[in-house]
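The following exercises concern helix packing and internal cavities. Each task is followed by a solution in steps.

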Amino acid sequence: MHKEIEALIERYPQLKPMAQDIEKASSILIKSIKEGGKVLVCGNGGSSSDADHIVGELMKSFAIERPLDKSFKEQLVKADLSMGSVLAKHLQGAIPAINLGCHTALSSAFNNDVDPALVFAQQVHGYGKSGDVLLGLSTSGNAKNVNYAAVTALAKGMHVIGMTGETGGALAGHCTICLKVPQRETYKVQELHLPLYHTLCLLLENEFFL
């Protein structure tokens, strides 16, 4: 077991039965990124804020520094000596991730013209490719917008990782792996989702930047 998962379980013993599934989820994410994939993240309601949080941890340094590799620094300076030098000094390594809940113009237009429940699915259709990962958060597992996105992702040959409460809801049937925390009340599920996705972010960061 990865030390990051051991540390998670030490802090939250109720998550111990999930250890193997967390390992599997991290392996799916790592393999996808290594093969040039990206992570599309979506959540309903408060879980949309969690989706944004996840992307923030993946796209910049989280717990450790992520310096750029030497060759990219050289390419930046080659592109423009002055600005490239600034970029080479300050840019950080990134794990490609997109929060589907942040595209206001697209979402409002699609909600008005088509169907609000399908907007994440439309984005998965537009952004996703085989081998990418959809990380979908729904405390009940029954959020229609997240489930439509998951079905679309599966149809495109993507992996789907769900994060839900203990029942898994409908989302459990649309996942490659479903991480079901042992709570049912929305706020209690969300309280366990945060350390869970922090651990996934740590596992990815350590894999690519240690």
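**Exercise 1.** Which helices each supply at least two residues of the lining of the largest cavity?

*Solution.* The model under study is predicted.
Step 1. Searching the whole structure for cavities of 30 Å³ or more yields one. The volume of the largest cavity is about 50 Å³.
Step 2. Its lining consists of L29, V39, I54, L58, L135, Y197, L200, C201 and L204.
Step 3. Helix 3 spans residues 46–58 and helix 9 spans residues 186–209. Helix 3 and helix 9 are the helices that each supply at least two lining residues. Helix 9 gives the largest share, four residues.
Step 4. Classified by residue type, the lining has nine nonpolar, no polar and no charged residues.

**Exercise 2.** Determine how helix 3 is oriented relative to helix 9, and describe the contact between them.

*Solution.*
Step 1. The axes of helix 3 and helix 9 lie 10 Å apart, and the packing angle is about 20°.
Step 2. Angles under 35 degrees count as roughly parallel, so helix 3 is roughly parallel to helix 9.
Step 3. The crossing of helix 3 past helix 9 is right-handed.
Step 4. On the side of helix 3, the contact involves G46, S47, D50, H53, I54, E57 and L58; helix 9 contributes Q190, L194, Y197, H198, C201 and L204.
Step 5. These contact residues comprise six nonpolar, five polar and two charged.
Step 6. The lists may now be compared with Exercise 1. I54, L58, Y197, C201 and L204 belong to the contact, and these residues also appear in the lining of the largest cavity.

**Exercise 3.** Is helix 1 roughly parallel or roughly antiparallel to helix 9? Describe the contact as well.

*Solution.*
Step 1. Helix 1 covers residues 3–11, and its axis is 9 Å from that of helix 9, at an angle of about 160°.
Step 2. Angles over 145 degrees count as roughly antiparallel, so helix 1 is roughly antiparallel to helix 9.
Step 3. Helix 1 passes helix 9 with right-handed geometry.
Step 4. K3, E4, I5, L8 and R11 of helix 1 meet P195, L196, T199, L202, L203 and N206 of helix 9.
Step 5. By class, six residues of this contact are nonpolar, two are polar and three are charged.

**Exercise 4.** Establish the relative direction of helix 4 and helix 5, and list the residues that join them.

*Solution.*
Step 1. Helix 4 (residues 70–79) and helix 5 (residues 81–90) have axes that come within 6 Å and cross at roughly 155°.
Step 2. The two helices are therefore roughly antiparallel to each other.
Step 3. Helix 4 takes part in the contact through K73, L76, V77 and A79, and helix 5 through L81, G84, S85, L87 and A88.
Step 4. The class division here is six nonpolar, two polar and one charged.

Technical notes: Residues are numbered from 1 along each chain as its sequence is written. This is a predicted model: local features need pLDDT of at least 70, side-chain atom pairs count only at pLDDT 80 or more; totals for chains, interfaces and linings use all residues. Side-chain values use heavy atoms; hydrogens and water are left out. Axes are lines fitted to C-alpha atoms, for helices over the stretch in contact, and angles run from 0 to 180 degrees between N-to-C directions. Angles under 35 degrees count as roughly parallel, over 145 as roughly antiparallel, 65 to 115 as roughly perpendicular and the rest as oblique. A crossing is left-handed if the near helix is turned anticlockwise from the far one by less than a right angle, and right-handed if clockwise. Contact means heavy atoms within 4.5 Å. Ala, Val, Leu, Ile, Met, Phe, Trp, Tyr, Cys and Pro count as nonpolar, Asp, Glu, Lys and Arg as charged, and the others, Gly among them, as polar. On a 1 Å grid over the protein atoms alone, a cavity is a set of points where a 1.4 Å probe fits but cannot get out, and a pocket is an open set with protein on both sides within 12 Å along at least five of seven lines; lining residues have an atom within 4 Å of a point. Grid points are joined across faces, edges and corners, and a volume is the space filled by probe spheres set on the points.
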